[in-house]
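Thanks for coming. I have one structure to go through today, so please keep the sequence and the model in view while I talk.

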Amino acid sequence: MGLKGKLISSVEVKCGGHLVHDIFHTKTHHISNICPSKIKSFEIHEGEAVDVGSIVEWTYNDDGKDKKIKEVIEAIDHETKTITWKVIGGDLLELYDSFTIITSFDHHWTTWTFLYEKKTEDTPEPLALLGIAIHMTKDIDCHLLK
């Protein structure tokens, strides 16, 4: 049995959390243009938009290596501006039995929550992925402030 973990990081955004939520919910395909050094592509495999039940895939750069995350959108709460993404494929599942990412956005904060179960005790905490998420949030904030 693996080990469960939880990482949470909040990033201050000057543009307003509602605008960052809008990028992730309705303009997700623009993220690879906003932060091309970290996000190589975003594709919707099932569904026509980022909606509950949609299956999406990200290609991202982790220390010079392209990696993939395939996710199903489990929940979207427009009132609290929260999106829950459950990983169903890709490189993360080589290290983790389960992995869920929750993004939430309020007035001046974007919060990333990672819920995961490691396959072994030797599996590292997903700090590199959290760093990519923080970097992406800062890039989106700068883009929206232009």
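Start at K86, whose bridge partner in strand 6 is T100. One residue back along the chain is W85, and W85 has I101 as its bridge partner in strand 6. Please bear in mind that this is a predicted model.

How many bridges join strand 5 to strand 6? There are five, with strand 5 covering residues 82-90 and strand 6 covering residues 96-105, and the two run antiparallel. The connection from strand 5 to strand 6 is a hairpin of five residues.

Now the other side of strand 6. Strand 7, residues 109-118, is antiparallel to strand 6, and nine bridges join the two. One of the pairs is Y96 with K118, the latter in strand 7. Again the link is a hairpin, and between strand 6 and strand 7 it takes three residues.

Next, the whole sheet. In which order do the strands lie? The order is 1-7-6-5-4-3-2, seven strands in an open sheet with antiparallel pairing. At the edges are strand 1, residues 3-12, and strand 2, residues 39-46, each of which pairs on one side only. On average, neighbouring strands of this sheet are turned by 25° against each other, direction ignored. As a general reminder, strands of a sheet pair through backbone hydrogen bonds, in either a parallel or an antiparallel way.

Before leaving strand 6, a word on I102, which has its place in that strand. Is I102 buried or partly exposed? Its relative accessibility is 21%, so I102 counts as partly exposed; the cut-off for buried is under 20%. From I102 to T120 is 18 residues along the chain, and their C-alpha atoms are 23 Å apart.

Two loop residues deserve a look for their backbone angles. D63 sits in the loop between strand 3 and strand 4. Its phi is near 55°, which is positive, and D63 is not a glycine. D63 counts as exposed because its relative accessibility is 72%, and the cut-off for exposed is over 50%. The second case is K81, in the loop between strand 4 and strand 5. K81 is also a residue other than glycine with a positive phi, about 55°. With 24% relative accessibility, K81 counts as partly exposed.

On to helix 3. Does its length come out as expected or not? Helix 3 has 19 residues, so at 1.5 Å a residue it should span 27 Å, and the end C-alpha atoms are indeed 27 Å apart. If you wonder about the arithmetic, the expected span is 1.5 Å times one less than the number of residues. Which residues of helix 3 are buried? They are L129, L130, I132, A133, M136, T137, I140 and D141.

That brings me to the empty space inside. A search of the whole structure turns up one cavity of 30 Å³ or more. The volume of the largest cavity is about 180 Å³. It is lined by 14 residues, and those closest to its centre are W58, I69, I101, W112 and M136. Two of these names have come up already: I101 as the bridge partner of W85, and M136 among the buried residues of helix 3. Strand 3 (55-62), strand 4 (65-77), strand 7 and helix 3 (127-145) are the elements that give two or more residues to this lining. Which element gives the most? Helix 3 does, with four residues. By type, the lining of the largest cavity has 13 nonpolar residues, no polar ones and one charged.

Last, the largest pocket, with a volume of about 190 Å³. Its lining has 14 residues, and Y60, D62, K67, L92 and L95 lie nearest the centre of the pocket. Strand 3 and helix 3 each supply at least two residues of the pocket lining. The largest share again comes from helix 3, here three residues. Which types make up the lining of the largest pocket? Nine residues are nonpolar, none is polar and five are charged.

So helix 3 gives the most to the lining of the largest cavity, and the largest share of the lining of the largest pocket comes from helix 3 as well. That is what I had; over to you.

Note on methods: Residues are numbered from 1 along each chain as its sequence is written. This is a predicted model: local features need pLDDT of at least 70, side-chain atom pairs count only at pLDDT 80 or more; totals for chains, interfaces and linings use all residues. Side-chain values use heavy atoms; hydrogens and water are left out. Two strands pair if DSSP finds at least two bridges between them. On a 1 Å grid over the protein atoms alone, a cavity is a set of points where a 1.4 Å probe fits but cannot get out, and a pocket is an open set with protein on both sides within 12 Å along at least five of seven lines; lining residues have an atom within 4 Å of a point. Grid points are joined across faces, edges and corners, and a volume is the space filled by probe spheres set on the points. Ala, Val, Leu, Ile, Met, Phe, Trp, Tyr, Cys and Pro count as nonpolar, Asp, Glu, Lys and Arg as charged, and the others, Gly among them, as polar. Buried means under 20% relative accessible area, exposed over 50%, partly exposed in between (1.4 Å probe, protein chains only). Axes are lines fitted to C-alpha atoms, for helices over the stretch in contact, and angles run from 0 to 180 degrees between N-to-C directions.
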